[in-house]
Amino acid sequence: MQKTKGKSPFLKGLIDGIPIALGYLSVSFGFGILAAAGGLSAFTATFISLVNVTSAGQLAGLNIIIACGPLIEMIISEFIINIRYALMSITLTQKLDDTFTTPRRMISAFAMTDEIFAVAGAQKGKLTARYFYGLMLLPILGWVLGTFLGATAGNILPESLKNAMGLMLYAMFIAIVLPPATKSRAVAVCVSICALLSIAIRFIPLFSFITPGFSVIICAVIASLFAAWRFPVNTEEENENV
């Protein structure tokens, strides 16, 4: 990444990470409340956010923990939900400069989220390790702090207010999905299939044996396979647009 005049790469990364951190602070507050409602302590909820830094993965994992699901269910669901981060990391390696040693790549991969990937990928030129450290620092702090505050507040707030604030995490997912769904038929169909399957598994007695974790796995795999079959990517068109 080209060094901005009068501003170090680390400082620029910090500044670019402020909007992400503010968003994470509010969203993770909702996760903290849900964790507290599920019986987790503030320390446990905060530790989960510290070592995961993944909204959808943490929510799915939280549901499995609350339901006392098996470990294999946790492993498979987390793998399917978070595999996109591995793809993002691989994509971003094309923009990394020589300062990214293997340990630094591993640290950066840990902090890879949708928003950090988007901001880092939009930078001109090569990315330096110092810039990425600055970019990831505040979002991680915001995510962890928000979880702690939410879990702590979850133990003292009235039940009605906790329920209302606990919807923030779901609101974030809706805000992420709706814009691309209105522009892409493939995304809209994929989301619709996931929603219908999830509703069917939840309310049809025949599927009552399916746990929340495996429900996520089934919905994600079936919707993804259908979208890959029905809406294949035209490689030639993609290359022309690069």
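The points below describe the fold, two salt bridges, one helix packing and a few single residues of a predicted model.

1. Overall make-up. The protein contains 12 helices and zero strands. Followed along the sequence, the pattern reads α-α-α-α-α-α-α-α-α-α-α-α.

2. Burial and surface. Of the 242 residues in the protein, 37% are buried. The accessible surface is about 13,800 Å², and carbon and sulfur atoms account for 71% of that area.

3. Contacts along the chain. Taking the contacts with a separation of 6 or more, 77% are between residues 24 or more positions apart.

4. Salt bridge within one helix. Side chains of opposite charge can pair when their charged atoms come close. The count here is two salt bridges. In one of them, the side chains of lysine 12 and aspartate 16 meet at 2.8 Å, N to O. Both residues belong to helix H1, which covers residues 9–37, and they are four residues apart, about one turn of the helix. Lysine 12 has a relative accessibility of 16%, under the 20% limit, and therefore counts as buried.

5. Salt bridge between helices. Arginine 84 and aspartate 114 also meet in a salt bridge through their side chains, with an N to O distance of 3.0 Å. This pair links distant parts of the chain, 30 residues apart: arginine 84 sits in helix H4 (residues 71–92) and aspartate 114 in helix H6 (residues 114–121). Arginine 84 is partly exposed, because its relative accessibility is 24%. Aspartate 114 is likewise partly exposed, with a relative accessible area of 28%.

6. Packing of H4 and H11. Two packed helices are described by the angle between their axes and the distance between the axes. For H4 and helix H11 (residues 212–230), the angle is about 35° and the axes are 9 Å apart. The crossing of H4 and H11 is left-handed. On the H4 side, the contact is made by Glu73, Ile76, Ser77, Ile80 and Ile81. H11 contributes Pro212, Gly213, Phe214, Val216, Ile217, Ala220 and Val221. Sorted by class, the residues of this contact are nine nonpolar, two polar and one charged.

7. Alanine 56 and asparagine 82. Alanine 56 is part of helix H3, residues 55–66. With 23% relative accessibility, alanine 56 is classed as partly exposed. Its C-alpha atom lies 8.2 Å from that of asparagine 82, and the two residues are 26 residues apart along the chain.

8. Valine 53. Most residues other than glycine have a negative phi. Valine 53 is not a glycine, yet its phi is positive, near 55°. The residue lies in the loop between helix H2 (42–52) and H3. Valine 53 is buried, because its relative accessibility is 5%, and buried means under 20%.

9. Cysteine 68. A positive phi also appears at cysteine 68, where the value is about 60° although the residue is not a glycine. Cysteine 68 is located in the loop between H3 and H4. Is this residue buried or exposed? Cysteine 68 counts as exposed, because its relative accessibility is 67% and the limit for exposed is over 50%.

10. Points to view together. Valine 53 and cysteine 68 can be looked at as a pair: valine 53 is in the loop before H3, and cysteine 68 is in the loop between H3 and H4. Valine 53 is buried, whereas cysteine 68 is exposed. H4 can be viewed in two settings, in its packing with H11 and in the salt bridge from arginine 84 to aspartate 114 of H6.

Notes
Residues numbered from 1 in each chain as written. Predicted model: local features only at pLDDT ≥ 70, side-chain atom pairs only at ≥ 80, totals over all residues. Heavy atoms only, no water. Buried < 20%, exposed > 50% of the residue type's maximum accessible area, 1.4 Å probe, protein only. Contact = heavy atoms within 4.5 Å. Areas by Shrake-Rupley, 256 points an atom, 1.4 Å probe, with all protein chains shown as cover. Salt bridge = Lys/Arg side-chain N within 4 Å of Asp/Glu carboxyl O. Axes fitted to C-alpha atoms, helices over the stretch in contact; angles between N-to-C directions. Left-handed = near helix turned anticlockwise from the far one by under 90°. Nonpolar A, V, L, I, M, F, W, Y, C, P; charged D, E, K, R; others polar.
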